[in-house]
Amino acid sequence: LTFPSHVSMLTSTFPFGNAVTENGEELRPTAVTLAAALKRSGYRTGGFVGGFVLDRRFGLDQGFDFYDSAFDPNDEEGRTDPGDIKCPGEEVVEKAKRWVEANSSGPFFLFLHLYDLHTPYNSSPDFRKRFGFGYNAELAYVDQVLGGFCKFLVESGLMEKSLIIFTADHGESLGEHGETTHGYFIYQSTLRVPLIVHWPEGFHEFPSQVSDPVSLIDVAPTILQYLGIERPAEFQGQSLLGLLDKHQQSSDRDVYSESRYAHDHFGAGTLCSLRIGKYKLIEAA
């Protein structure tokens, strides 16, 4: 689910370690986030989110100098599920661009979160006409929004000197295994997400692609090692820079995933630990 996955990514901890397993729960105030670690090292930190599930009231704003999440569920008529409340990507990006312009004179960390690919799909009539109604139209919209943001980075002279990581909290089943969205199961359709890294110019040359299984909890340690910042003792992930060394052997590590939604809300399903590399499934009642 969205919030537990983001908590794991930004705190580099497993759900059973950070105690966040569902949307709507709160991250404890003693948690150590990537933003907090960077702020202590002199970075300006800004977060801009497109979905209510990441609203500041749930605690993910810890360590951010500025965290934009202006959501009021009471203003969302007809929305029965808080997970449906979102802000268009264009609005999120425009606010993020203004923050970057005001804070990029020194080291900064920007967390940019787009939520348009989450249901309900409500793209503009123009995108529906060109790409059809549903996921494909939203995907085209997000592609355009991110393209505009990348153009802004290029024109600002920031692209060539920035470390940029593009990833997702989860995938969508889109009908596979009888699941239209996500959260009920932990098949590859929702587990495999993009992890694309843009290195600043002049950085050590790395291979263009690595096939080893990695986890979202590895993102924060990777960023900190690249920046030469000491990793907090609370982090449970590991830096991926070693995997990018052509002379290092492939790793054989476990990648943990879980889904509690069906179990907690419907009394069904299993909690699972999935070893991505060898497809070893361990079930727990």
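Is Ala-19 buried or exposed? Select Ala-19 and switch on the surface to find out: this residue is exposed, with a relative accessible area of 55%. Keep in mind as you click around that you're looking at a predicted model.

**Two odd backbone spots**

Stay on Ala-19 for a moment. You'll find it in the loop between H2 and helix H3 (34-40). Its phi is near 65°, a positive value in a residue other than glycine.

Now hop back to Ser-12, in the loop between helix H1 (2-11) and helix H2 (15-18). Here phi is near 50°, again positive in a residue that isn't glycine. As for the surroundings, Ser-12 is buried, with a relative accessible area of 0%. Buried here stands for under 20% relative accessible area, and exposed for over 50%, so Ser-12 at 0% counts as buried, while Ala-19 at 55% counts as exposed.

**The sheet**

Next, select residues 44-48, which make up strand S1. Add S2 (66-68) and S3 (108-112), and you have an open sheet of 3 strands in the order S2-S1-S3, with parallel pairing. S2 and S3 stand at the edges with a single partner strand each, so one side of each has no neighbour in the sheet. From one strand to the next, the twist averages 10°.

Zoom in on S1 and S2: 3 bridges join these parallel strands. To see one partnership up close, pick Gly-46, whose bridge partner in S2 is Phe-66.

Then bring in helix H4 (residues 89-103), which packs on the sheet and touches S1, S2 and S3. Compare its direction with that of S3: the two make about 180°.

**A cis bond**

Follow the chain to Thr-119 and Pro-120, which are joined by a cis peptide bond with omega about 0°. Pro-120 lies in the loop between S3 and helix H5 (125-131).

**The core**

In soluble globular proteins, nonpolar side chains tend to be buried together. The largest nonpolar core here has 52 residues; show Phe-3, Leu-34, Leu-54 and Leu-60, which touch the most other members. Elements giving two or more residues to this core are H1, H3, H4, S3, helix H6 (135-155) and helix H8 (219-227). Color H6 to see where the largest share, 8 residues, comes from.

For a last stop, which residues does Leu-60 touch, leaving aside those up to four places away in sequence? Select Phe-3, His-6, Val-7, Leu-10, Leu-27, Leu-54 and Tyr-67 to see them.

Key. Residues are numbered from 1 along each chain as its sequence is written. This is a predicted model: local features need pLDDT of at least 70, side-chain atom pairs count only at pLDDT 80 or more; totals for chains, interfaces and linings use all residues. Side-chain values use heavy atoms; hydrogens and water are left out. Two strands pair if DSSP finds at least two bridges between them. Helices (H or I, at least four residues) and strands (E, at least two) are DSSP runs, numbered from the N terminus. Axes are lines fitted to C-alpha atoms, for helices over the stretch in contact, and angles run from 0 to 180 degrees between N-to-C directions. Contact means heavy atoms within 4.5 Å. Buried means under 20% relative accessible area, exposed over 50%, partly exposed in between (1.4 Å probe, protein chains only). A nonpolar core is a set of buried Ala, Val, Leu, Ile, Met, Phe, Trp, Tyr and Cys residues joined through side-chain atoms within 4.5 Å.
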